[in-house]
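Subject: Structure for you to look at

Dear colleague,

I am passing on the structure we spoke about, with the sequence alongside. Please open it before reading the notes further down.

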Amino acid sequence: MSTTALQVTTRVIQVWMIWYCFPASTASSHAFTALVLAWSSADAIRYAYLALNTCGLSPEWLVWLRCVSFLFIPPPSLKYA
């Protein structure tokens, strides 16, 4: 649980710092919006799967969605490999 909270906190801090340091360019940037949406959707899928899988309740559609989303949003360890 603390690892998950740390990961989410660091992502929020990263996004906030970029927005805070460059308010003019991030306000109109489609790339910044896409980054926030990609991180949000990837985290929502990942943490929903992990929470349900811990209870033994992960539905097949969520497992499929988690695997398929890596085609569009690679996990952090594979981005720069």
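The notes below go through what was found, beginning with the salt bridges and ending with the residues around the helix ends.

Please keep in mind throughout that this is a predicted model.

A search of the whole structure finds 2 salt bridges. In one of them the side chains of Arg11 and Asp43 meet, at 2.4 Å from N to O, and this pair links distant parts of the chain, since Arg11 belongs to helix α1 and Asp43 to helix α3, 32 residues apart. The other brings together the side chains of Arg46 and Asp43, at 3.2 Å from N to O. Arg46 and Asp43 are separated by about one helical turn, because they are 3 residues apart in helix α3. As general background, an α-helix has 3.6 residues a turn, so residues three or four places apart point the same way. Taken together, Arg11, Asp43 and Arg46 are linked in a network of salt bridges.

Are the members of this network buried or exposed? Arg11 counts as buried, because its relative accessibility is 14% and the cut-off for buried is under 20%. Asp43, at 12% relative accessibility, counts as buried as well, and Arg46 is likewise buried, with a relative accessible area of 18%.

Turning to helix α3 itself, which covers residues 30–54, its 25 residues should span 36 Å at 1.5 Å a residue, and the C-alpha atoms at its ends are 36 Å apart, which agrees. Its buried residues are Phe32, Trp39, Ala42, Asp43, Ile45, Arg46, Tyr47 and Tyr49, a list that includes both of the salt-bridge residues that α3 contributes to the network. At the start of α3, a side-chain oxygen of Ser29 comes to within 3.3 Å of the backbone nitrogen of Ala31. Towards the other end, Thr54 is exposed, with a relative accessible area of 69%, and its side chain reaches the backbone oxygen of Leu50 at 2.7 Å. The helix is followed by Gly56, whose phi is positive, near 75 degrees.

Helix α1 (residues 2–21) is where I would look next. Ile13, Trp16, Met17, Trp19 and Tyr20 form a nonpolar patch on the surface, and together they have about 550 Å² of accessible area. Two members of this patch can be described individually: Trp16, found in α1, is partly exposed, with a relative accessible area of 41%, and Trp19, also found in α1, is partly exposed at 43%.

Which residues does Trp19 touch, not counting those up to four places away in sequence? They are Thr26 and Phe32, and the C-alpha atoms of Trp19 and Phe32, which are 13 residues apart along the chain, are separated by 8.6 Å. Thr26 lies in helix α2 (residues 23–27) and is buried, with a relative accessible area of 8%. Leaving aside its neighbours within four places in sequence, Thr26 is in contact with Ile18, Trp19 and Phe32. Phe32 is itself listed among the buried residues of α3, whereas Trp19 is partly exposed.

With best wishes

Methods. Residues numbered from 1 in each chain as written. Predicted model: local features only at pLDDT ≥ 70, side-chain atom pairs only at ≥ 80, totals over all residues. Heavy atoms only, no water. Helix = DSSP H or I, 4+ residues; strand = E, 2+ residues; numbered from the N terminus. Buried < 20%, exposed > 50% of the residue type's maximum accessible area, 1.4 Å probe, protein only. Polar contact = N/O pair within 3.5 Å; in protein donor to acceptor, adjacent residues only side chain to side chain. Contact = heavy atoms within 4.5 Å. Expected span 1.5 Å × (residues − 1). Patch = residues over 30% accessible without salt bridge, like charges linked within 9 Å, V, L, I, M, F, W, Y side chains within 5 Å. Areas by Shrake-Rupley, 256 points an atom, 1.4 Å probe, with all protein chains shown as cover. Salt bridge = Lys/Arg side-chain N within 4 Å of Asp/Glu carboxyl O.
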